[in-house]
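Thanks for sending this one over. My notes follow the structure below, as numbered points that you can take in any order.

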Amino acid sequence: MASFWPLIRLLPKKTNFTYVKFAGFAAVLSILAVAASIVSMFTGGFRANPIEIYQQAEGAPLARVGAILEHGFNLGIDFRGGTSILIEAPGPIDQEALRALGRTAQDGDVEVQGTTCRPVNGPPYCAILNFETAPDQSATVEEIRAGLGGVAQGARIANVDSVSAKVSEELFSGGLIALGLAILLMLVYIWFRFEWQFGLGGVLALFHDVILTLGMFSIFRLEFTLTIIAALLTIVGYSMNDTVVVFDRIRENLRKYKKMPLGELIDLSLNETLSRTIITGCTALFALIGLYFIGGEALSGFALAMIFGIVIGTYSSLYVAAPAILIWGVKRGREGGEARGAPQTAG
């Protein structure tokens, strides 16, 4: 067993991949993907005419643009409005049975949340059943109440809330504001941490990852809920952390190899951080793949967004953020005293 473990020894200690050589091809690919994502968001996944939506919408121009974006995504109940029922029980609640009960009681989308509202001691288990507001809400609630015996022994309805269109609109705008603030704070961090050449590369990578993730949900019409906003916020942090690690190594090598061509130096830095990138990314992916398959329907969207975000975030660190430095170049020699004794490579 000792000869087969640890498997990390299978990873090469030193690689010599030429990332910059393919930077032009990657740039074209990224531009096309970002353009397709933006077009999808304004055409309802290539299924709607944004001009007609704008003309049919009411209110100020900004509100009409918002109506176009609402068509761009398959919004969940959080953002469309509907009814939310809190169900309590003395034992675990069968979420699949609860979802089936909801679909029997009324037509339309049904959503069950219950994995995070379980207290540690004493109080009962709980679950939340969300669905679009039915024409006769009282009759629907009574039908669900009558069928709770098949969901959990002793289950009961603790509360019924209706999410109005106004509340759902506030949730949608609040989620977008949270995402915008996260990106803004990341930009402030980049501003303090790096020179502007690095900052522009980091900004490009950040917007690249967020837009492509939004594009995936728009093109494939995947349900867009509050949990997806949470996933996007996490992706912003993960992508920036990955980019900062690469930038730190590039800046360190700039002090060491003052005469090495910038393209070769970027390739060297990316190769030196490759094992860390692979190990970190694979570790996160293993956990998220498990969450996607066994975490239930409520968490599948979050897990899918994170899986896509980690893959695309790793790609952007290698082929968007770092090669972007080549466009503007960087100054060298300011930290020359720290590079004393470092190897010098002929250019």
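**Notes on the predicted model**

1. **Contacts of Val246.** Leaving aside residues up to four places away in sequence, Val246 touches Leu270, Thr273, Ser317 and Ala322. This is a predicted model, so please read every value here as computed. Val246 is found in helix 9 (residues 226-256). Is Val246 buried or exposed? With a relative accessible area of 2%, Val246 is buried. For one of its contacts there is also a backbone distance: the C-alpha atoms of Val246 and Thr273 are separated by 6.6 Å, with these positions 27 residues apart along the chain.

2. **Helix 10, where Leu270 sits.** Leu270 is among the buried residues of helix 10. That helix, spanning residues 262-272, is mostly covered, with eight of its 11 residues buried. Besides Leu270, the buried set holds Leu262, Gly263, Leu265, Ile266, Asp267, Ser269 and Asn271. You may like to have Asp267 and Asn271 in view alongside the leucines when you look at this helix, as both belong to the buried set.

3. **From helix 9 to helix 11.** Which residue forms a salt bridge with Asp242? The partner is Arg276, and the closest N and O atoms of the pair are 2.5 Å apart. Asp242 lies in helix 9 and Arg276 in helix 11 (residues 274-294), so this salt bridge ties together parts that are 34 residues apart in sequence. The two ends differ in cover: Asp242 is buried, at a relative accessible area of 2%, while Arg276 is partly exposed, at 25%.

4. **A salt bridge inside helix 9.** The side chains of Arg251 and Asp248 also meet in a salt bridge, at 3.2 Å from N to O. Both residues lie in helix 9, three residues apart, or about one turn of the helix. Each end is partly exposed: Arg251 has 21% relative accessibility, and Asp248 has a relative accessible area of 26%.

5. **A network worth displaying.** Salt bridges link Arg249, Glu252, Lys256 and Glu272 in a network. Across the model, the count comes to eight salt bridges.

6. **Glu96 and Arg99.** Here is another pair for your list: the side chains of Glu96 and Arg99 meet in a salt bridge, 2.8 Å from N to O. Being three residues apart in helix 5 (residues 95-105), they are separated by about one helical turn. How do the two ends compare in cover? Glu96 counts as exposed, at 52% relative accessibility, whereas Arg99 is buried, at 2%.

7. **Strand 2 and its partner.** Strand 2 (residues 82-89) is mostly covered, with seven of its eight residues buried. Strand 2 pairs with strand 4 (residues 125-131) in the antiparallel sense, over seven bridges. If you would like a place to start tracing the pairing, Ala89 has Tyr125 of strand 4 as its bridge partner.

8. **A nonpolar patch on the surface.** Which residues make the nonpolar surface patch of about 700 Å²? They are Ile177, Leu181, Leu184, Val188, Trp191 and Phe192. Ile177 lies in helix 7 (residues 165-193) and counts as exposed, at 53% relative accessibility.

9. **The chain as a whole.** The protein chain has 12 helices and six strands. Of its 347 residues, 41% are buried. Among contacts with a separation of 6 or more, 78% are between residues 24 or more positions apart. The accessible surface comes to about 18700 Å², and carbon and sulfur atoms account for 64% of that area.

10. **Confidence.** The chain averages a pLDDT of 81, with 86% of the residues scoring at least 70. Helix 1 (residues 23-42) has the highest confidence, at a mean of 93, and helix 4 (residues 77-80) the lowest, at 74. Over residues 335-347 the pLDDT stays under 50, and the model has 17 contacts beyond four places in sequence for this stretch. Where pLDDT is low, the predicted coordinates should not be read in detail.

Notes. Residues numbered from 1 in each chain as written. Predicted model: local features only at pLDDT ≥ 70, side-chain atom pairs only at ≥ 80, totals over all residues. Heavy atoms only, no water. pLDDT = per-residue confidence, 0-100. Helix = DSSP H or I, 4+ residues; strand = E, 2+ residues; numbered from the N terminus. Contact = heavy atoms within 4.5 Å. Patch = residues over 30% accessible without salt bridge, like charges linked within 9 Å, V, L, I, M, F, W, Y side chains within 5 Å. Areas by Shrake-Rupley, 256 points an atom, 1.4 Å probe, with all protein chains shown as cover. Salt bridge = Lys/Arg side-chain N within 4 Å of Asp/Glu carboxyl O. Buried < 20%, exposed > 50% of the residue type's maximum accessible area, 1.4 Å probe, protein only. Pairing = 2+ DSSP bridges.
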